[in-house]
Amino acid sequence: TITATDKGNPPLSTHKIISLDISDINDNSPSFEKSSYNIYVPENNPSGVSIFTVKAMDSDVDQNSRITYSILHSNIKELPVSSYISINSETGALYAQRSFDYEQFREFQLQVKAQDGGSPPLSSNVTVSVFILDRNDNSPQILSPSPEAKGSSLFEMV
């Protein structure tokens, strides 16, 4: 409220209410809750199951604070990362795209990007390490003596 008063006798005054809208500029990058994440997934997990959710915050407002998530890359060489893991771009939920096998690989890393909706957009990245946990899913094998042993037993302690 602004008040203007003159110096007359008697003094006269008037009041005016002025609304002021302050717009946000995109000056804050999204930030993840942790600097890196370690997640543990039992092998033989069902495909399509959510295994973890990454979360980033942006202290801007409105469109400048709307975050989208994506997977940048991983250290998996055999197949594209999308055949192992996917991410919900709105929630940051990570989904296993296949059943993991501890005997095939025990861990892998991927980079997740959080990008805000500002112009220009700001972003940050985080490393997610996925550790596959072994389950007792392979029967033991009996090693029989080899034909070359000729009377002596060969065995392996496991």
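Three strands make up an open sheet here, in the order β5-β9-β8, and the pairing is antiparallel. Before going on: this is a predicted model. The edges of the sheet are β5, residues 50-53, and β8, residues 85-87; each of these pairs on one side only. Neighbouring strands in the sheet are turned by 25° against each other on average, with direction ignored.

As a reminder, strands of a sheet pair through backbone hydrogen bonds, and the pairing can be parallel or antiparallel. Take β8 and β9 as the example. Strand β9 covers residues 93-96, and 3 bridges join β8 to β9, running antiparallel. If you want a pair to look for on the screen, find Ile-87, which stands opposite Leu-94 in β9.

Next, strand β4. In a regular strand the side chains alternate between the two faces of the sheet. Which residues of β4 are on the covered face, and which on the uncovered one? Strand β4 runs over residues 36-42; Tyr-37, Ile-39 and Val-41 are on the covered face. Ser-36, Asn-38, Tyr-40 and Pro-42 are on the uncovered face.

What does β4 pair with, and in which sense? The partner is strand β11, residues 123-133, and the two pair in the parallel sense over 7 bridges. Ile-39, from the covered face of β4, has Val-130 as its bridge partner in β11.

Let us stay with β11 and pick out Ser-124, which lies in that strand. Is Ser-124 buried or exposed? Its relative accessible area is 17%, and the cut-off for buried is under 20%, so Ser-124 counts as buried. Now its surroundings. The side chain of Ser-124 reaches the backbone oxygen of Pro-30 at 2.7 Å. Leaving aside neighbours within four places in sequence, Ser-124 is in contact with Pro-30, Ser-31 and Phe-32, and also with Val-112, Lys-113 and Ala-114.

The last residue for today is Asp-134, in the segment after β11. Asp-134 has a relative accessibility of 44% and therefore counts as partly exposed. Where is Asp-134 relative to Asp-101? The two are 33 residues apart in sequence, and their C-alpha atoms are 8.0 Å apart in space. With neighbours within four places in sequence left aside, the contacts of Asp-134 are Glu-43, Tyr-102 and Glu-103.

To go back over the two single residues: Ser-124 is buried, whereas Asp-134 is partly exposed. Ser-124 is in strand β11, and Asp-134 is in the segment after that strand.

Note on methods: Residues numbered from 1 in each chain as written. Predicted model: local features only at pLDDT ≥ 70, side-chain atom pairs only at ≥ 80, totals over all residues. Heavy atoms only, no water. Pairing = 2+ DSSP bridges. Helix = DSSP H or I, 4+ residues; strand = E, 2+ residues; numbered from the N terminus. Axes fitted to C-alpha atoms, helices over the stretch in contact; angles between N-to-C directions. Buried < 20%, exposed > 50% of the residue type's maximum accessible area, 1.4 Å probe, protein only. Polar contact = N/O pair within 3.5 Å; in protein donor to acceptor, adjacent residues only side chain to side chain. Contact = heavy atoms within 4.5 Å.
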